[in-house]
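Please open the model in your viewer and keep the sequence panel beside it, as the stops below are given by residue number. Each stop says what to select and then what is found there.

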Amino acid sequence: MALLPEPSPEALAHSEAVHRLIAGEIGAADGWISFARFMELALYAPGLGYYSAGLDKFGAGGDFVTAPEMSALFGQSIANQAAQVLRLTGGDILEIGAGSGKLALDLMLELERLGQLPQRYCILELSADLRQRQQARIKHDAPHLLPRFTWLDTLPQRFNGLVLGNEVLDAMPAHLVTWRAGQMFERGVTIEEGRFVWCERPLTGGELLRQAQALPPAGFVSGAAAYTSEINLAAQGFMRSLGQMLEQGLILMLDYGFGASEYYHPQRGAGTLMCHYRHHAHDDPFFLPGLQDLTAHVDFSAIAQAATEAGLVLSGYASQANFLINCGLTELLSRTSPEDPGTYLPLVAQVQKLMSPAEMGELFKAIALSKNMQETPLGFTRGDRSHTL
Ligand SMILES: C[S@@+](CC[C@H](N)C(=O)[O-])C[C@H]1O[C@@H](n2cnc3c(N)ncnc32)[C@H](O)[C@@H]1O
């Protein structure tokens with residue numbers, strides 16, 4: 001692995017505390033936990049996990065940059081999609097995993113400009129630290145909108161309106177499965193000489209086995225080569241919960257990933273697990289636990305299937321570039337005059353990052369799942385690829 005930046009002594013001590021916590025759980029579980037449990041603890045253990053502790057994660061001083069952090073045009077474009085859903089449902093907005101609060105801020109300011117503010121903007125956030133940052137940001141940048149914001153601890157029983165999540169599904173703990181010589185194994189984590197190491201167990205039952213049996217390319221089931229990939233039961237379960245909650249409206253999830261045929265492509269035999277540490281991407285999830293982000297790409301076929309099983313309708317699947325164009329990104333850009341290059345040129349650079357196939361335009365997708373909505377969602381009017389899932 002390339003040399004990664006050294007952590008500070010405090011950060012190192014923090015990571016050692018996370019290491020002890022996970023090691024303790026492995027010990028208590030007879031020496032083995034699933035990778036999904038490892039990921040859950042490393043990211044979300046209260047007060048210690050990567051998202052739960054007070055580290056800077058987003059933007060230049062953190063580990064990675066998400067679309068809302070990159071450009072206000074992202075949230076402003078989504079506001080046009082939100083406006084349609086609010087008009088049709090008269091409902092509210094619920095954002096899952098709101099990060100620094102930037103998307104919520106840009107979206108609500110644009111809806112205010114459009115005269116279409118919802119009564120409530122609810123945020124469901126696992127991390128107590130991020131929740132505080134979101135509150136501070138809204139209070140500082142749009143105090144007049146703060147009364148419309150509500151932070152939730154759990155999903156509401158019933159909801160009408162727009163449910164939104166950017167880069168949330170990829171942050172949900174994924175199970176790892178290896179297919180080798182006709183057998184299936186779950187990859188988990190054990191400890192050897194104080195270090196985390198991989199340890200496989202035969203898959204003998206349950207939903208993971210059922211899905212693993214249905215998935216990998218035939219050549220790998222019978223062949224000698226190993227094929228490892230992820231199955232995200234947590235993300236599927238979350239979509240089912242959203243489906244049960246939604247009475248009328250749209251669920252819009254944006255993330256990086258593909259449909260199953262590309263996800264489980266014969267050539268993607270090492271899976272999609274990625275780690276982000278100070279703007280370096282690498283593949284060692286055991287490096288400095290608690291200090292780095294762990295993510296797996298999203299299998300949008302599995303997301304669509306779980307959602308439709310819960311009564312939702314797949315009403316759009318498009319590249320981020322197509323979605324944003326449909327939502328009026330170019331019109332938003334044209335609000336700034338090229339005669340003002342100091343403002344205009346940075347916006348053009350942001351649009352390029354959001355839209356270019358070499359950056360976020362193609363790998364990132366938007367998926368829309370609806371209930372009791374008659375119109376095609378604005379973001380999917382052209383370039384819809386639902387039929388590929
Ligand atoms: C990669 S960050 C993305 C943050 C933000 N949406 C953005 O685009 O900048 C993932 C976010 O999802 C949150 N998250 C993950 N699983 C969640 C869950 N089950 N419920 C609520 N939030 C969750 C994390 O705490 C974090 O805020």
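Begin by selecting Trp179, whose bridge partner in strand 9 is Tyr227. Before going further, please bear in mind that this is a predicted model.

**Strand 6 and its two partners**

Now widen the selection to strand 6, residues 175-180, and colour strand 9, residues 226-231, beside it: the two strands pair in the antiparallel sense over six bridges. Add strand 7, residues 183-192, which also pairs with strand 6 in the antiparallel sense, here over five bridges; within this pairing, Val177 has Glu186 of strand 7 as its bridge partner. If you follow the chain from strand 6 into strand 7, you will see that they form a hairpin with two residues between them, and that Ala181 in the turn has a positive phi of about 45 degrees. How many of the six residues of strand 6 are buried? Five of them are, so the strand is largely enclosed by the rest of the structure.

Stay in strand 6 and select His175, which has its place there. With a relative accessible area of 17%, His175 is buried, because the cut-off for that class is under 20%. Showing its surroundings, and leaving aside neighbours within four places in sequence, you should find His175 in contact with Ser34, Ala36, Glu186, Leu208, Ser229, Glu230, Ile231 and Leu233. A distance drawn between the C-alpha atoms of His175 and Arg37 should read 8.3 Å, although these residues are 138 residues apart along the chain.

**Helix 1 against helix 2**

Arg37 leads on to the next stop, since it is one of the helix 2 residues that touch helix 1. Select helix 1, residues 9-28, together with helix 2, residues 35-44, and look at their axes, which come within 10 Å and cross at roughly 150 degrees; the crossing is right-handed. Show side chains for Val18, Leu21, Ile22 and Glu25 on helix 1 and for Arg37, Phe38, Leu41 and Ala42 on helix 2, as these residues make the contact. By class, six of them are nonpolar, none is polar and two are charged.

**Helix 9 against helix 11**

For a second helix pair, select residues 233-245, which are helix 9, and residues 300-309, which are helix 11; their axes come within 8 Å and cross at roughly 35 degrees. This crossing, too, is right-handed. From helix 9, display Ala235, Gln236, Met239 and Arg240, which meet Ala302, Ile303, Ala306, Ala307 and Glu309 of helix 11. The residues of this contact divide into six nonpolar, one polar and two charged.

**The nonpolar cores**

Next, hide the helix ribbons and select Ile78, Leu107, Leu111, Tyr121, Phe149, Leu252 and Phe323, the residues that touch the most other members of the largest nonpolar core, which has 50 residues. Helix 4, residues 72-89, contributes the largest share of this core, with eight residues. A second, separate core holds 28 residues, among them Val168, Met245, Val298 and Phe300.

Return to Leu111 and display its contacts beyond four places in sequence: Ala79, Ala82, Ala83, Leu86, Ile93, Gln116, Leu117 and Pro118. Then select Ser77, which is found in helix 4. Is Ser77 buried or exposed? It counts as buried, at 0% relative accessibility, and, not counting residues up to four places away in sequence, Ser77 touches Leu324, Cys327, Leu329 and Leu332.

Tyr121 takes you to strand 3, residues 121-124, where Tyr121 and Ile123 point one way while Cys122 and Leu124 point the other way, and all are buried. Bring in strand 2, residues 92-96, which pairs with strand 3 in the parallel sense over four bridges; here Leu94 stands opposite Cys122.

**A three-stranded sheet**

For the last stop, select the open sheet of three strands, whose order is 12-11-13 and whose pairing is antiparallel. Its edge strands are strand 12, residues 280-282, and strand 13, residues 293-295, each of which pairs on one side only. On average, neighbouring strands of this sheet are turned by 25 degrees against each other, with direction ignored. Finish with strand 11, residues 274-277, which pairs with strand 12 over three bridges in the antiparallel sense, and within that pairing centre the view on His276, whose bridge partner in strand 12 is Ala281.

Note on methods:
Residues numbered from 1 in each chain as written. Predicted model: local features only at pLDDT ≥ 70, side-chain atom pairs only at ≥ 80, totals over all residues. Heavy atoms only, no water. Axes fitted to C-alpha atoms, helices over the stretch in contact; angles between N-to-C directions. Left-handed = near helix turned anticlockwise from the far one by under 90°. Contact = heavy atoms within 4.5 Å. Nonpolar A, V, L, I, M, F, W, Y, C, P; charged D, E, K, R; others polar. Core = buried A, V, L, I, M, F, W, Y, C linked by side-chain atoms within 4.5 Å. Buried < 20%, exposed > 50% of the residue type's maximum accessible area, 1.4 Å probe, protein only. Pairing = 2+ DSSP bridges.
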